[in-house]
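This report goes through one protein structure part by part. Look at the sequence and the model before reading on.

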Amino acid sequence: ALAWEHVEGRFVWNGAALQPLVEAGIGPWLSPIVHGALLCEPLEPLSGVSMTACLVSRRSCEHAGTRFKARGINDDGHTANYVET
């Protein structure tokens with residue numbers, strides 16, 4: 001399966017650039033760009049079992065901007081700087 005087929009559109013930062021290429025059939029060579037973060041930390045063993053906790057977040061590209069320029073909700077209902085964790 002192709003990478004761009006499995007990504008939710010509101011998190012693909014280069015979606016507008018990919019669209020004409022997808023329509024032209026160049027799908028296997030395309031890579032969606034997703035802005036996000038991954039943090040993994042070891043947990044202290046409680047019963048002798050070591051564990052690692054991971055937090056994964058991705059940022060929406062629908063109403064992005066600096067905190068002083070993008071605030072609240074736009075006309076399409078997208079919140080400013082939305083992050084899904």
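## The sheet

Two strands count as paired if DSSP finds at least two bridges between them. The model shown here is predicted. Three strands form an open sheet in the order β1-β2-β3, with antiparallel pairing. β1 (36–43) and β3 (83–84) stand at the edges with a single partner strand each, so one side of each has no neighbour in the sheet. In general, strands of a sheet pair through backbone hydrogen bonds, in a parallel or an antiparallel way.

β1 pairs with strand β2 (residues 51–59) in the antiparallel sense over eight bridges. Within this pairing, Ala37 stands opposite Ser57 in β2, and Leu38 stands opposite Val56 in β2. β2 and β3 are also antiparallel, and two bridges join them. One bridge partner to look for is Glu84 in β3, which is paired with Arg58.

## The disulfide

How many disulfides does a search of the whole structure find? The search finds one. The disulfide is formed by Cys40 and Cys54, with their sulfur atoms 2.2 Å apart. Cys40 lies in strand β1 and Cys54 in strand β2, so the pair ties together parts that are 14 residues apart in sequence.

The torsion about the S-S bond of Cys40 and Cys54 is about 110 degrees, so this disulfide is right-handed. Cys40 has a relative accessibility of 38% and counts as partly exposed. Another cysteine, Cys61, is partly exposed at 27% relative accessibility.

## A network of salt bridges

Side chains of opposite charge can pair when their charged atoms come close. In this model the count of salt bridges is four. Among them is the pair of Glu8 and Arg10, whose side chains meet at 2.8 Å, N to O. Glu8 is partly exposed, at 36% relative accessibility. Arg10 is partly exposed too, with a relative accessible area of 26%.

The side chain of Glu8 also meets that of Arg58 in a salt bridge, at 3.1 Å, N to O. Why does this pair tie together parts that are 50 residues apart in sequence? Arg58 lies in strand β2, while Glu8 is in the segment before α1 (15–23), so the salt bridge spans that separation. Arg58 is partly exposed, with a relative accessible area of 24%.

Arg58 has a further salt bridge, to Glu84, at 2.7 Å, N to O. This pair links distant parts of the chain, since Arg58 is in strand β2 and Glu84 is in strand β3, 26 residues apart. Glu84 is partly exposed, with a relative accessible area of 26%. Through shared partners, the salt bridges join Glu8, Arg10, Arg58 and Glu84 into one network. Arg58 and Glu84 thus appear twice in this report: they are bridge partners in the sheet, and their side chains meet in a salt bridge.

## A buried arginine

Arg59 is placed in strand β2. Is Arg59 buried or exposed? Arg59 is buried, yet has no salt bridge. The nearest side chain of opposite charge belongs to Glu62, 11 Å away. A salt bridge needs the side-chain nitrogen within 4 Å of a carboxyl oxygen.

Which residues does Arg59 touch, not counting those up to four places away in sequence? The contacts are Phe11, Trp13, His35, Ala64, Gly65, Asn81, Tyr82 and Val83.

## His35 and its surroundings

His35 is found in the loop between α1 and β1. With a relative accessible area of 40%, His35 is partly exposed. Leaving aside neighbours within four places in sequence, His35 is in contact with Phe11, Trp13, Arg58 and Arg59. Phe11 and Trp13 are also among the residues that Arg59 touches.

His35 and Val83 are 48 residues apart in sequence, and their C-alpha atoms are 9.7 Å apart in space. Arg59 touches both His35 and Val83.

Key. Residues are numbered from 1 along each chain as its sequence is written. This is a predicted model: local features need pLDDT of at least 70, side-chain atom pairs count only at pLDDT 80 or more; totals for chains, interfaces and linings use all residues. Side-chain values use heavy atoms; hydrogens and water are left out. Helices (H or I, at least four residues) and strands (E, at least two) are DSSP runs, numbered from the N terminus. Buried means under 20% relative accessible area, exposed over 50%, partly exposed in between (1.4 Å probe, protein chains only). A disulfide is a pair of cysteine sulfur atoms within 2.5 Å. Lys and Arg count as positive and Asp and Glu as negative; His and the chain ends are not counted. Contact means heavy atoms within 4.5 Å.
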